[in-house]
Amino acid sequence: MLIEYPEYLIHRQWMSRAIDLAQNAADAGEVPVGAVIVDATGNLIASGENRKERDQDPTAHAEIIALRAAAKSCNNWRLNQCTLYVTLEPCPMCAGAIVQARLGMLIYGVDDPKTGAVRTVTNIPDGAASNHRLRVMGGILESTCRQQLQAWFANRRQQNHGQI
């Protein structure tokens with residue numbers, strides 16, 4: 001019998017919110033990635049979803065949008081008492097921004113075998129150039145996050161194939 005500890009249940013709750021945001025992005029034609037940031041007292045202070053296509057902005061990743069909103073909400077760019085939940089392992093740009101924000105903890109859903117810059121392809125947070133260490137946990141609602149991404153990309157390939 002699997003025992004789910006209260007902390008794990010909380011992580012699943014916040015990741016579910018990030019998954020909902022990822023679905024919003026998918027519905028808008030974006031790669032389905034969503035992010036939420038929670039403060040030390042467990043309150044939601046920011047969220048983001050991929051907006052690269054809608055905003056025509058290469059930096060409009062879910063994590064970047066959430067980090068910017070959290071810094072404004074806290075009136076402080078240092079987010080060392082905050083936890084970021086994101087459905088996909090951050091890319092190099094986002095991992096760098098997470099380090100720069102002095103984030104307290106990163107929790108992500110599924111590894112990114114192509115551009116994962118936290119544990120899979122490279123490890124920016126633990127790298128020699130990083131001036132900040134943070135706690136990292138991967139695999140929260142992993143299968144749901146993976147299925148959401150795979151379904152979106154399969155649908156995208158099918159649409160593109162139909163246009164040939």
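Is F153 buried, partly exposed or exposed? F153 counts as partly exposed, at 35% relative accessibility. Keep in mind that this is a predicted model. What follows is a quick tour of its charged contacts, then a look at the aromatic side.

**Salt bridges: the R54 corner**

- The count for this structure comes to five salt bridges.
- One of them pairs the side chains of R54 and E30, with N to O at 3.3 Å.
- R54 sits in helix α2, which covers residues 52-55, while E30 is in the loop between α1 (6-27) and β1 (34-38), so this contact ties together parts that are 24 residues apart in sequence.
- The two ends of that bridge sit in unlike surroundings: R54 is partly exposed, with a relative accessible area of 31%, whereas E30 is buried, down at 2%.
- Why does E30 get the buried label? Its relative accessible area is 2%, and buried means under 20%, so E30 falls in that class.

**Salt bridges: D55 with R51**

- D55 and R51 also meet through their side chains, in a salt bridge of 3.0 Å from N to O.
- Both ends have some access to the outside: D55 is partly exposed, its relative accessible area being 39%, and R51 counts as partly exposed too, at 28%.

**Salt bridges: D126 with R119**

- Further along the chain, D126 forms a salt bridge with R119, and here the closest N and O atoms are 3.4 Å apart.
- D126 is partly exposed, with 38% relative accessible area, and R119 gets the partly exposed label as well, at 37% relative accessibility.

**A shared network**

- Which residues are joined into one network by salt bridges that share partners? They are E30, E49 and R54.
- Within that network, we have already met the R54 to E30 contact, at 3.3 Å.

**The aromatic pair**

- How many aromatic pairs does a search of the whole structure find? The search turns up one.
- That pair is W152 with F153: the ring centres are 4.9 Å apart and the planes stand at 90°, so the arrangement is edge-to-face.
- The reasoning on geometry is simple: planes over 60 degrees apart count as edge-to-face, and the W152 and F153 planes are at 90°.
- W152 is buried, with a relative accessible area of 12%, whereas its partner F153, back from the opening question, is partly exposed at 35%.

Notes: Residues are numbered from 1 along each chain as its sequence is written. This is a predicted model: local features need pLDDT of at least 70, side-chain atom pairs count only at pLDDT 80 or more; totals for chains, interfaces and linings use all residues. Side-chain values use heavy atoms; hydrogens and water are left out. A salt bridge is a side-chain nitrogen of Lys or Arg within 4 Å of a carboxyl oxygen of Asp or Glu. Helices (H or I, at least four residues) and strands (E, at least two) are DSSP runs, numbered from the N terminus. Buried means under 20% relative accessible area, exposed over 50%, partly exposed in between (1.4 Å probe, protein chains only). Rings of Phe, Tyr and Trp (its six-membered ring) pair if their centres lie within 6.5 Å; planes under 30 degrees apart count as stacked, over 60 as edge-to-face and the rest as tilted.
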